[in-house]
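Please read the following points with the model open beside you, and look up each residue as it is named. They go through one part of the structure at a time.

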2 protein chains.
Amino acid sequence: QIVSAALYRIRARGDLAGRRIVITAGPTHEPVDPVRYLSNASSGKMGYAIAAAAAAHGAHVTLVSGPVSLPEPAGVGVIHVTTAAQMLEATQDAFATADAAILAAAVSDYRPEQAADHKLKKAAEPIDNIALAENPDILATLSQSRGSRVVIGFAAETDNVLENARKKLATKGCDLIVANDVSRDDSTFGSDTNRVTLVGPHDETELDCMPKEQVAEKIIERLHDLLEPDEPL
Amino acid sequence: QIVSAALYRIRARGDLAGRRIVITAGPTHEPVDPVRYLSNASSGKMGYAIAAAAAAHGAHVTLVSGPVSLPEPAGVGVIHVTTAAQMLEATQDAFATADAAILAAAVSDYRPEQAADHKLKKAAEPIDNIALAENPDILATLSQSRGSRVVIGFAAETDNVLENARKKLATKGCDLIVANDVSRDDSTFGSDTNRVTLVGPHDETELDCMPKEQVAEKIIERLHDLLEPDEPL
C-alpha cells in the first residue's frame with residue numbers, strides 16, 4: 001500500500017508534485033454515550049473528491065476523514081477520526097509539515113458537555129436535555145497560525161449563503177471559502193453534484209452545478225494559483 | 001425492478017414462500033436543524049443481512065431503512081426513511097399485511113423537541129442545550145397489536161446485556177430478543193461479525209461470533225420455527 005502510493009506520486013509528475021496537502025472530509029460524531037451521538041449531515045463525497053483530485057495532480061495528500069462509507073482514494077493517506085477534537089489534532093499534526101489545508105469536513109460545532117461511558121437506560125437515566133459545549137474551530141485555528149501556507153474553508157448554509165461566506169472568510173482569516181447552499185436539492189449532503197461559489201478576498205466565482213469531481217478539480221486549480229511558486233531548482 | 005423482484009420470489013420456492021416480512025435496519029436521524037441531528041451508531045449491516053436472508057428463503061420482504069450507505073439487497077422492497085416517526089409509520093403500514101416483523105434498526109429513542117427550519121448560526125443563535133422528547137417505541141407498538149403475528153426485536157447493550165434483553169422481552173411483549181453486547185469489538189456497530197444471544201420466553205441460545213450473514217440465517221431459522229404452519233393447501 002505504501003509502495004503503491006509512493007509509486008503513484010512519483011508517476012503523477014503533476015503540477016502539485018512535491019506539495020503536501022491536508023484535506024478533511026465527512027462529519028464528526030460527538031458522543032452522548034457509546035450508542036447515541038450528535039452529528040452533522042455529510043456524506044464525505046466532496047472532501048474525498050478533492051483528495052483524489054489533489055493526488056491526481058501529484059500532491060502528497062493526507063485525508064483526515066470523519067465516519068463515512070466511502071472507499072479510500074488511490075494514492076492518498078487516510079487518517080480516520082470520530083470527533084471534532086480528534087479531527088483537530090490529526091489535522092494540526094499533518095498541517096505542521098504541509099503547504100496547504102482544504103477543510104471540507106462538516107465538523108460539529110457543538111458536542112455534548114459530558115459523554116457517558118455506558119449506554120444510558122431510558123427508564124433509569126432519562127435524558128431530558130443534552131447540555132452542549134462548543135467544539136474547537138479547526139478552520140480558525142489553522143488560519144491563525146498558517147503563515148504563508150494556504151487554507152481553504154467551506155461554508156454550508158441554508159440562508160444568506162454569500163453573506164455568511166464573506167463573513168466567514170473575514171473572521172477566520174483563510175484564503176478562500178467554498179460556499180454552498182445546502183437547501184438546494186442539487187447541492188446538498190449526499191448528492192453527487194454540487195453548486196458552489198468560490199469566495200476570495202478580491203473576487204467571487206460562481207460555478208455551475210456540476211459533479212463533485214469537477215468541483216474538486218476547480219478547487220485544486222484555485223489552490224494551485226494560491227500556492228506561491230516553488231523555489232527554482 | 002418489480003418484475004425481477006417478482007421472478008426472484010417465484011424462483012426462490014423457499015421455506016418462507018408466501019410469507020410477508022417487514023424488517024427495519026439502520027439508524028434514524030432526528031433533526032436539530034437542516035444540518036445537525038441526533039443519531040445512534042448503526043451501519044445497517046445486520047438488518048440488511050436479515051432482509052437478504054429472508055428473501056433467499058422465499059419471503060416477500062419489505063425493508064424499512066434509515067440512512068445508511070449499503071446496496072439494496074436483491075429481491076427486497078426498500079422504503080427509505082430518516083426519523084423514528086417516519087420509520088414507525090412505514091413499518092406499521094407494512095406490518096398491517098405481514099406475517100412477521102424483525103426490528104433490527106437502532107431507532108433513536110429521543111428526538112430534539114423542536115427542529116429549526118434553518119441552520120442555526122452559532123453567533124446569533126447559540127445552542128446551549130437540546131431539549132429532548134421521547135420517540136415512539138416501534139417494538140412496543142407493533143408487539144401490542146401483533147395478534148398471532150411474530151415480532152422479533154433487538155437489544156444493543158453495553159452492560160448487563162442478558163438481563164436487559166430479558167426485561168425487554170417481558171415488557172415489550174415480543175417473541176424473541178436478539179441481544180448483542182456492543183461494547184465488544186467483534187459485535188459492535190459497523191463490524192462484519194456479530195456475537196448475539198437469542199433470548200426467548202423459554203430458552204436462550206448463545207451463538208458464537210460469526211459473520212452477520214450467518215447470524216441473519218440463524219435468526220431466519222428461528223423465525224421459521226415461530227411462524228405457525230400454513231393452512232394445508
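1. In this predicted model, A:Ala156 has A:Asn180 of S10(A) as its bridge partner, and this pair belongs to a longer contact, since strand S9 and strand S10 (residues 176–181) of chain A pair in the parallel sense over six bridges. Between these two strands the chain passes from S9(A) through helix H5 (residues 161–172) of chain A to S10(A), and the β-α-β crossover formed in this way is right-handed.

2. S9(A) also pairs with strand S6 (residues 100–103) of chain A, again in the parallel sense, over four bridges. One place to look for this pairing is A:Ala100, which stands opposite A:Val150 in S9(A). Is strand S9 (residues 150–157) of chain A largely enclosed or largely open? Seven of its eight residues are buried, so the strand is largely enclosed by the rest of the structure.

3. The loop between S9 and H5 of chain A holds A:Asn160, whose phi is positive, at about 45 degrees, although the residue is not a glycine. This deserves a careful look, because most residues other than glycine have a negative phi. A:Asn160 has a relative accessible area of 51% and is therefore classed as exposed, the cut-off being over 50%. In chain B, B:Asn160 likewise has a positive phi of about 45 degrees without being a glycine, and B:Asn160 lies in the loop between strand S9 (150–157) and helix H5 (161–172) of that chain.

4. A second residue worth following is A:Ile23, which has its place in strand S1 (residues 20–25) of chain A. A:Ile23 counts as buried because its relative accessibility is 0%, where buried means under 20%. Which residues does A:Ile23 touch, once its neighbours within four places in sequence are left aside? The contacts are with A:Gly47, A:Ile50, A:Ala51, A:Ala54, A:Val61, A:Thr62, A:Leu63, A:Val64 and A:Ile102. As a further example of how the fold brings distant parts of the sequence together, A:Ile23 and A:Thr91 are 68 residues apart in sequence, while their C-alpha atoms are 8.0 Å apart in space.

5. On the cysteines, the count of disulfides comes to zero over all chains. Two of the cysteines can be described by their accessibility: A:Cys209 is partly exposed, with a relative accessible area of 31%, whereas B:Cys174, at 7% relative accessibility, counts as buried.

6. How are the two chains related? Chain B is superposed on chain A by a rotation of 180 degrees with 0.0 Å of shift along the axis, and the RMSD is 0.0 Å, which is the relation of a two-fold axis. In chain B, the C-alpha nearest the axis belongs to B:Leu38, at 2.3 Å from it. Both copies use the same surface, for 100% of the contact residues of chain B recur in chain A.

7. At the interface itself, 31 residues of chain B are in contact with 31 residues of chain A. The two chains bury about 2900 Å² between them, and 50% of this lies on carbon and sulfur atoms. When you examine the side of chain B, begin with B:Tyr37, B:Tyr110 and B:Lys122, since these three supply 20% of the area that chain B buries against chain A, more than any other three residues.

How values were computed: Residues are numbered from 1 along each chain as its sequence is written. Chains are lettered from A and ligands numbered from 1 in the order in which they are written. This is a predicted model: local features need pLDDT of at least 70, side-chain atom pairs count only at pLDDT 80 or more; totals for chains, interfaces and linings use all residues. Side-chain values use heavy atoms; hydrogens and water are left out. Copies are superposed by least squares on the C-alpha atoms of residues with pLDDT of at least 70 in both. Contact means heavy atoms within 4.5 Å. Buried means under 20% relative accessible area, exposed over 50%, partly exposed in between (1.4 Å probe, protein chains only). Two strands pair if DSSP finds at least two bridges between them. A crossover is right-handed if, with the strands pointing away from the viewer, the path from the first strand over the helix to the second runs clockwise. A disulfide is a pair of cysteine sulfur atoms within 2.5 Å. Buried area is the accessible area (1.4 Å probe) that two parts lose on being put together, summed over both.
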